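Colleague: Could you take me slowly through a single part of this model, the sheet and what lies against it? I would like the terms explained along the way.

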Amino acid sequence: MLQLGLYSRYLSDTDFIGNSLARNLPDGMTVSLDGPLGSGKTRLVQAIAAGCNIPVSLVLSPTFVLCRQYEGTRSIAHLDAYRIKDDDEFWELGVEEYFGATGITLVEWGTRVENCLPPSRINVSIAIIDRDKRHFEFSSDDSAFQALFKCLEDDCKDLLEEIIP
């Protein structure tokens, strides 16, 4: 399993991580985002969108609409599984059209529909350290993403150190 931990001390660090992902995620990629309410899942999506020249003001949590699509230098499908009761309800939304499509598919609360997500994906778990500080844990069971993890590690090398309280 591939793993990479990054510490965001400021919102600008989260923006930096998102920009790196926007540059390095391959087309057709699915990213599962998990963490407690207020951990920064939508904030990370906004940062990825900004890296794709999508105005951040357009990127809102899709909790009540379940899916939002954005077009910039890359396409983003932004899904939210928070209110989804089970796998069947998720499939009824027609989500399979987003997986493997051109662009990037970002799924907030992805562990709630883990069985529906492509096995070849990146998982991002976000932990709240304090008001603005976050720990991002990236993982994947697909060794094909080793180069992607290396690019992210190289881009964000200043964020690899543990936060000193």
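Modeller: Contact here means heavy atoms within 4.5 Å, while helices (H or I, at least four residues) and strands (E, at least two) are DSSP runs, numbered from the N terminus. The model is a predicted one, in which local features need pLDDT of at least 70, side-chain atom pairs count only at pLDDT 80 or more, and totals for chains, interfaces and linings use all residues. Residues are numbered from 1 along each chain as its sequence is written, and side-chain values use heavy atoms, with hydrogens and water left out.

Two strands count as paired if DSSP finds at least two bridges between them, and on that basis seven strands form an open sheet with mixed pairing, in the order β1-β7-β6-β2-β5-β4-β3. Because β1 (2-8) and β3 (67-71) stand at the edges with a single partner strand each, one side of each has no neighbour in the sheet. From one strand to the next, the twist averages 20°, where axes are lines fitted to C-alpha atoms, for helices over the stretch in contact, and angles run from 0 to 180 degrees between N-to-C directions.

At the β1 edge, the partner is β7 (residues 134-140), which runs antiparallel to β1 and is joined to it by seven bridges; Leu2, for example, has Ser140 in β7 as its bridge partner. Two helices also belong in this picture: α1 (residues 11-24) lies across β1 and β7 and runs at about 145° to β1, whereas α4 (residues 146-155) lies across β1, β6 (122-128) and β7, running at about 20° to β1.
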